[in-house]
Amino acid sequence: MRLDSKRSMSSAMAVVVPMCCAAVATAQNVVDFQLVESWKGGYNADIVLEVPATESMLDGWQLSWVGDPEILHHWNCTFDEVDGRTVLGHVSYNETILPGGSARLGFTGVGSWPPEPGDVRLNGDLVVVLIDGVGDGGGGGDDSGGGSGDGSGDGPGDEIGRAHV
């Protein structure tokens, strides 16, 4: 179930973890980058952290990546840069995310949309990443998660709008 989404999946890109790493990415937590507003040289965006109803709750979380987006301001999270990684962490009121729930945080990014985060991890585990406004739609991924595997959005798992690894 998609929570707090303000867009159709036809405008999202799913970043799929390479098959060599698929065993590591057993949790299907989702990190969804959503554009709120943009202007020349910057933008505001939300990041929605989603915990599927079938997964365990997150009791304390830390989201990290390498590369874009560069963050100028942040809200609903802590911010740090450690060894070339951007690190966002929980604050007291969103520390726990229950199964089927989500937390929304935000930032002002430097540059243009869309960002290109790499090696995105939640509590050290690779996650599924969705980016608003990128891609040809609908998930796909490999067949293990119910998508069609071709990115067409026509697979049986695509009604929830995620590519599973």
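Across the protein chain of this predicted model, the mean pLDDT is 74, and 65% of the residues reach 70 or more. Two stretches fall well outside that group. Over residues 1-27, pLDDT stays under 50, and the model has 74 contacts beyond four places in sequence for this segment. Residues 136-165 also keep a pLDDT under 50, with 63 contacts beyond four places in sequence. Where pLDDT is low, the predicted coordinates should not be read in detail.

A good place to begin a tour is strand β13, which spans residues 128-132 and is mostly covered, with 5 of its 5 residues buried. In a regular strand the side chains alternate between the two faces of the sheet. In β13, Val128, Leu130 and Asp132 point one way, while Val129 and Ile131 point the other way, and all are buried. Strand β13 pairs in the parallel sense with strand β2, residues 30-39, over 4 bridges. One residue pair can be picked out here: valine 30 has valine 128 of β13 as its bridge partner.

Asparagine 44 offers a second point of interest, this time in strand β3, which covers residues 42-50. Asparagine 44 counts as buried because its relative accessibility is 17%, and buried means under 20%. Its side chain makes a polar contact of 2.7 Å with the side chain of threonine 108. Leaving aside neighbours within four places in sequence, asparagine 44 is in contact with Leu35, Val36, Glu37, Trp39, Trp75, Phe107 and Thr108.

Key. Residues are numbered from 1 along each chain as its sequence is written. This is a predicted model: local features need pLDDT of at least 70, side-chain atom pairs count only at pLDDT 80 or more; totals for chains, interfaces and linings use all residues. Side-chain values use heavy atoms; hydrogens and water are left out. Buried means under 20% relative accessible area, exposed over 50%, partly exposed in between (1.4 Å probe, protein chains only). Helices (H or I, at least four residues) and strands (E, at least two) are DSSP runs, numbered from the N terminus. Two strands pair if DSSP finds at least two bridges between them. A polar contact is a pair of N or O atoms within 3.5 Å; within protein, one must be able to donate a hydrogen and the other to accept it, and residues adjacent in sequence count only if both atoms are side-chain atoms. Contact means heavy atoms within 4.5 Å. pLDDT is the predictor's confidence in each residue, from 0 to 100.
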